[in-house]
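Please look at the sequence and the structure below before reading on. The briefing then goes through some of the contacts between side chains, the surroundings of the ligand and two points about the backbone.

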Amino acid sequence: MASKNRLIVVANRLPVNRVKKKGRLAWETSPGGLVSALKPFLTETGGSWVGWGGSPGKAPTPFTHENIQIRPVSVTAEQVEKFYAGFSNATLWPLYHDCVRTPQFHRRWWWPYVDVNRQFAEAAAAEAKPGDTVWVHDYQLQLVPAMLREIMPDVRIGFFLHIPFPPLELFAQLPWRREILTGILGADIAGFQTPQGARNFSAACKRYAEASGTDTKLEHRGHTVVSKAFPISIDIENVEQAVTSKEVIDRAEELRKDFASKRAGERKILLGVDRLDYTKGIEIRLRAYEELLRRGAHTVDDCVLVQVAVPSRETVGEYAELRAFVERLTGRINGEYGQAGRTAVHYFRRNLDYKELMAFYRAADVMLVTPLRDGMNLVAKEYVIAKTGEERAGTLVLSEFAGAANELGGGALLVNPHDVDGLAATMDVSITMPESEVQRRMGLLQRAVRKNDVYGWAHGFLEALRS
Ligand code: G6P
């Protein structure tokens, strides 16, 4: 039964993908924690999801999918280029990730960002009724909260930023900093992955948007905004169910044999799983592994690196450059250190399906999560839970600059992802770590991840928003 106060989710991506099934086009629920976490709240309230279907042009008419009203927003080819590839992913993305690439500031990208945000705000307003709750997601839609409040003052509006909110000195570079802050300040709650993100946001608002107040509560034009950390998590039960199934256990065993080659059981499997994105630190990770082999501390007889790189944002120049660089480096390492039947780096440029991914996690002795900056990083949390009930535990090597380090710092081996020598030394430690220490650390990690799942996260945010 739909209750009176509905939840409307507004996110750049819809929770469904267009797929071909038996020669016919159909909608299929997208994999991923966010969608499964929000689904119960949406179905319970007869709620809606406003988003972009992923291809340019006229959007399909609204439809219902698994009890959720889906309202696709049209984004033209020009808007995809300027709003999505441009302002979202070549201005904001690098700026918010510590400027690990130079953000590009172009006025010709700003106005399409404003226009598309207005289209989303109008679509949300068309779905919402007074008293409803609207939850806006991520950096692509930071203007939506204020735009929506102007059209509909009587809805509760939440905003959650999935990526880091940068420190004041970096955010200050943005020519449209005031507009972006004013956009988010239209929300009742602005949620971030870490307390530092919430503090950075408050500091920026006080400096550039005439807000007053504390790190956690801001006053702006007579409106109160709570600025708070809500660290996101994973669907623990779903991961557990998959990794304890016979299919995944058998597949993990098969992968172990394949990767460990002729010396089964002797080679330690080091694994990286990332979108092919320059914030993930893939190239420095590869250089550190190369350094490890160069030093002769380890050889392809006792370790192997498996890197899964999921294609992403390929129309953005920096992403194409990264791909070429990573592939050159992989070739160089294999050329230099590989042996017959024992490849140094197994590189997979593809999206693994869920069960296959779980089998990769389960097979890996060491998980390398070394982003240069990351809002949270759910791969780290998934890996930990994927080791449920597994005799051979595993070691998590984790960047200090991932949001997940706040929660997992106790059990993980923390690294500075820019430090090639330090990373190589940590890889060495992880390969030679005594089993009892691996187990002890994994115990700590499992306890830390199990404190909160993605349902708890969504519940916590919505409770705060509705109270
Ligand atoms: C990050 C962002 C999301 C985004 C995802 C995939 O996780 O926080 O908002 O959807 O990357 O990127 P894409 O550009 O393909 O949507």
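What follows is a short lead and then a set of bullet points, grouped by topic.

The model shown here is predicted. The structure holds 34 salt bridges, and the count of aromatic pairs comes to 26. A ligand is also present, and the protein buries 70% of the 370 Å² that this ligand exposes when it is taken alone.

**Salt bridges between separate parts of the chain**

- Arg 373 forms a salt bridge with Asp 98, and the closest N and O atoms of the two are 3.0 Å apart.
- Because Arg 373 lies in the loop between strand E16 (366–369) and helix H13 (378–386), while Asp 98 lies in the loop between helix H2 (77–96) and helix H3 (107–127), this pair ties together parts that are 275 residues apart in sequence.
- Arg 373 is partly exposed, with a relative accessible area of 24%, and Asp 98 also counts as partly exposed, at 27% relative accessibility.
- Arg 332 and Glu 290 meet through their side chains in a salt bridge with an N to O distance of 2.9 Å.
- Since Arg 332 belongs to helix H11 (residues 317–337) and Glu 290 to helix H10 (residues 282–295), this salt bridge ties together parts that are 42 residues apart in sequence.
- Arg 332 is partly exposed, with a relative accessible area of 46%, whereas Glu 290 counts as buried at 14% relative accessibility.

**A salt bridge within one helix, and a network**

- The side chains of Glu 291 and Arg 294 meet in a salt bridge, with 2.9 Å from N to O.
- Both Glu 291 and Arg 294 lie in helix H10, where they are three residues apart, about one turn of the helix.
- Glu 291 is buried, with a relative accessible area of 15%, whereas Arg 294 is exposed, with a relative accessible area of 53%.
- A network of salt bridges links Arg 6, Arg 71, Glu 127 and Asp 132.

**Around the ligand**

- The residues around the ligand are Arg 13, Tyr 84, Asp 138, Tyr 139, Gln 140, His 162, Ile 163, Arg 275 and Arg 313.
- Sorted by class, this shell has three nonpolar, two polar and four charged residues.
- In the side chain of Asp 138, an N or O atom is 2.5 Å from an oxygen atom of the ligand.
- Arg 13 has a polar side-chain atom that lies 2.9 Å from an oxygen atom of the ligand, and a polar side-chain atom of Arg 313 likewise lies 2.9 Å from an oxygen atom of the ligand.

**Aromatic rings**

- A pair of aromatic rings is described by the distance of the centres and the angle of the planes.
- Trp 110 and Tyr 113 form a stacked pair, with 5.9 Å from centre to centre and 25° between the planes.
- Trp 110 and Tyr 113 both lie in helix H3, three residues apart, which is about one turn of the helix, and both residues are buried.
- The rings of Trp 135 and Trp 457 have their centres 5.1 Å apart, and because their planes stand at 35°, the pair is tilted.
- This second pair links distant parts of the chain, with Trp 135 in strand E7 (residues 133–137) and Trp 457 in helix H17 (residues 454–466), 322 residues apart.
- Trp 135 and Trp 457 are both buried.
- One aromatic cluster is formed by Phe 83, Phe 87, Trp 110, Trp 111, Tyr 113 and Trp 176, so that Trp 110 and Tyr 113 of the stacked pair appear again in this cluster.

**Positive phi values in the backbone**

- Most residues other than glycine have a negative phi.
- Asn 67 has a positive phi of about 75°, although it is not a glycine.
- Asn 67 is found in the loop between strand E5 (63–65) and strand E6 (68–72), and Asn 67 is exposed, with a relative accessible area of 55%.
- Arg 313, which is one of the residues around the ligand, has a positive phi near 45° and is likewise a residue other than glycine.
- Arg 313 is found in the loop between strand E14 (303–310) and H11, and at 14% relative accessibility Arg 313 counts as buried.

Terms used:
Residues are numbered from 1 along each chain as its sequence is written. This is a predicted model: local features need pLDDT of at least 70, side-chain atom pairs count only at pLDDT 80 or more; totals for chains, interfaces and linings use all residues. Side-chain values use heavy atoms; hydrogens and water are left out. A salt bridge is a side-chain nitrogen of Lys or Arg within 4 Å of a carboxyl oxygen of Asp or Glu. Helices (H or I, at least four residues) and strands (E, at least two) are DSSP runs, numbered from the N terminus. Buried means under 20% relative accessible area, exposed over 50%, partly exposed in between (1.4 Å probe, protein chains only). A residue is near a molecule or strand if one of its heavy atoms lies within 4 Å of it. A polar contact is a pair of N or O atoms within 3.5 Å; within protein, one must be able to donate a hydrogen and the other to accept it, and residues adjacent in sequence count only if both atoms are side-chain atoms. Accessible areas come from the Shrake-Rupley method with a 1.4 Å probe; for residues, only the protein chains shown count as cover. Ala, Val, Leu, Ile, Met, Phe, Trp, Tyr, Cys and Pro count as nonpolar, Asp, Glu, Lys and Arg as charged, and the others, Gly among them, as polar. Rings of Phe, Tyr and Trp (its six-membered ring) pair if their centres lie within 6.5 Å; planes under 30 degrees apart count as stacked, over 60 as edge-to-face and the rest as tilted.
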